[in-house]
Amino acid sequence: MLAIVACLTIAQGRTAKTLTPESLRATVEKLASWRTRNTSSSELNEVADWLAGEYRKIPGMQVEIMRYQIRKGPRIPADKDVVEVVATLPPNKPEQPGIVLMGGHIDTINMGRGEDPMTARAPGANDDGSGSAATLDVARFLADKPRSHTLVFAGFSGEEQGLLGSEALAARAEREGWRVDAVLSNDMIGNSHNLAGQVDDRHVRLFSEESPKHNSRELGRWIEWLNRTKGDRRFGVKLVFRPDRFGRGGDHTPFNRHGFNAIRLVEMHEEYSRQHTPNDLPDAMDFDYLARNAKLNALAVETLANAGLAPSGVRVDRRQNHDTMLTWRTTPGTRYMVYWRDTTEPTWTHWKEVGDVGQIEFKMLSKDENVFAVGAVGGVPIEAK
């Protein structure tokens, strides 16, 4: 089993634990100390500088304060050049041409009536200090781990004005030809209860879109499987087969639109009175729950960072018989995993590592009643057609 435990990271001559409630709280409290992190405010530049500085403390990290332009419109008082943080960890073992991206948004907003959103208090501890803190801590945790893929950690801005920062980065990734294998967007992952009395600190929701343009639904299904088989058995992933919460969107959405595999993680029970208000404070959060979500992300990102190249041409032999033959095109040296489930099952119920091969036959297993997929070990499965 791939265990996720706290590791030690050296920063400025001191030892600090990562993926702990304490480390995550420290980042959230720092982010919430600004009166606002509104995308159009001067404070956003201060936040981006601070966050970039934290990433620069991580050995091997390449840090960019990315600039893009926003136009006057709803929630945007004037045209403006704004910033967000993009931190990159290159591979440290034989390189594979893929990118795994994790992110949360650093901007906040106060939507109170009669309030000036440029000056109104908007601490944004959970929305989305939680996702930003988890992203930073996962980067710290993985810095000295083996990886064959490039890891990118994003502190998006412009989320509260319409996903502007993630759109800018997704468009750049498409324009520059990035091979993005997976995007994990974390937005509000630090609240385990609401004022209606609902409590759940042992699950997180995972939203995914199904589309012929990308493989996001299988990314989500694979994360659920990975957590169930190799993660904390006391913590579960609830798959939600929708692009996002009803009528809403998150920073994974632009990556979906640009054809990349991207999912969103969000807490089970939102408390709406703490969203876009001065009440979104660290003391209302559950940092043990946030640490569980950070560990889930670390497990997924670390596993994806060491996967072989995905197979192509995954096919089911169409001959009518009682058996199922799967074939796919391979990359030399890559080991493969085959998954299958009943057509009515939402998750993978069976799996088998098959090694460095390009086909397998299952005797007396019906292709009529099962869905099959093949993936590189540690990678996102490709459904067989």
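Two strands count as paired if DSSP finds at least two bridges between them. Keep that rule handy for the exercises below, and remember that you're looking at a predicted model.

**Exercise 1. Work out how strands β8 and β10 are joined, and find the partner of S208.**

*Step 1.* Find the two strands: β8 covers residues 203-208 and β10 covers residues 262-267.

*Step 2.* Look at the bridges. Five of them join β8 to β10, and the rule asks for at least two, so these strands pair.

*Step 3.* Check the direction: β8 and β10 run antiparallel.

*Step 4.* Now go down to single residues. S208 has I263 in β10 as its bridge partner.

A bit of background: strands of a sheet pair through backbone hydrogen bonds, either parallel or antiparallel.

**Exercise 2. Lay out the eight-stranded sheet and say which strands stand at its edges.**

*Step 1.* Write down the order: β3-β4-β6-β5-β7-β10-β8-β9. The sheet is open, and its pairing is mixed.

*Step 2.* Go to the edges. There you meet β3 (62-70) and β9 (236-240). Each has a single partner strand, so one side of each is left without a neighbour in the sheet.

*Step 3.* Add the twist, which averages 25 degrees from one strand to the next.

**Exercise 3. Find which strands helices α3 and α7 touch in that sheet.**

*Step 1.* Start with α3, residues 125-142. This helix lies across β4 (80-89), β5 (99-105), β6 (150-156), β7 (180-186) and β10. Against β5, α3 runs at about 145 degrees.

*Step 2.* Move on to α7, residues 287-304. Packed on the sheet, α7 touches β5, β6, β7, β8, β9 and β10. Its direction makes about 175 degrees with that of β7.

*Step 3.* While you're in α3, look at the bond between D127 and D128: it is a cis peptide bond, with omega about 0 degrees. D128 lies in α3.

**Exercise 4. Decide how α1, α3 and α7 are set against one another: oblique or roughly perpendicular?**

*Step 1.* Know what to look for. Two packed helices are described by the angle between their axes and the distance between the axes.

*Step 2.* Take α3 and α7. Their axes come within 9 Å and cross at roughly 50 degrees. Angles of 65 to 115 degrees count as roughly perpendicular and those under 35 as roughly parallel; α3 and α7 are therefore oblique to each other. Their crossing is right-handed. On the α3 side you'll find S130, A134, V138, F141 and L142, which meet L290, A294, N297, A298, V301 and E302 in α7.

*Step 3.* Take α1 (residues 21-32) and α7. Here the axes come within 8 Å and cross at roughly 100 degrees. That makes α1 roughly perpendicular to α7. P21, L24, R25 and V28 of α1 make the contact with F287, D288, L290, A291 and A294 of α7.

*Step 4.* Finish with α1 and α3, which pack at an angle of about 130 degrees with their axes 9 Å apart. That makes α1 oblique to α3. This crossing is right-handed. Among the residues in contact are S23, L24 and T27 of α1 and A125, G129 and S130 of α3.

*Step 5.* Step back along the chain to L19, in the loop between β2 (14-17) and α1. L19 isn't a glycine, and its phi is positive, near 60 degrees.

**Exercise 5. Describe the four-stranded sheet and the helix that lies across it.**

*Step 1.* The order is β14-β13-β16-β17, in an open sheet with antiparallel pairing.

*Step 2.* The edge strands are β14 (350-355) and β17 (382-383), and each pairs on one side only.

*Step 3.* Seven bridges join β13 (residues 336-342) to β16 (residues 370-376). One residue to pick out is D342, whose bridge partner in β16 is N370.

*Step 4.* Helix α5 (residues 216-230) lies across β13, β14 and β17. It runs at about 100 degrees to β13.

**Exercise 6. Find what surrounds the ring of W348.**

*Step 1.* Look for rings: ring pairs link W348 with W225, Y339 and W351 into a cluster.

*Step 2.* Look for charges. The charged end of R221 sits over the ring of W348, 5.8 Å from its centre. The charged end of R341 also sits over that ring, 4.8 Å from the centre.

Terms used:
Residues are numbered from 1 along each chain as its sequence is written. This is a predicted model: local features need pLDDT of at least 70, side-chain atom pairs count only at pLDDT 80 or more; totals for chains, interfaces and linings use all residues. Side-chain values use heavy atoms; hydrogens and water are left out. Axes are lines fitted to C-alpha atoms, for helices over the stretch in contact, and angles run from 0 to 180 degrees between N-to-C directions. Contact means heavy atoms within 4.5 Å. Rings of Phe, Tyr and Trp (its six-membered ring) pair if their centres lie within 6.5 Å; planes under 30 degrees apart count as stacked, over 60 as edge-to-face and the rest as tilted. A charge sits over a ring if NZ of Lys or CZ of Arg is within 6 Å of the ring centre and within 35 degrees of the ring normal. Angles under 35 degrees count as roughly parallel, over 145 as roughly antiparallel, 65 to 115 as roughly perpendicular and the rest as oblique. A crossing is left-handed if the near helix is turned anticlockwise from the far one by less than a right angle, and right-handed if clockwise.
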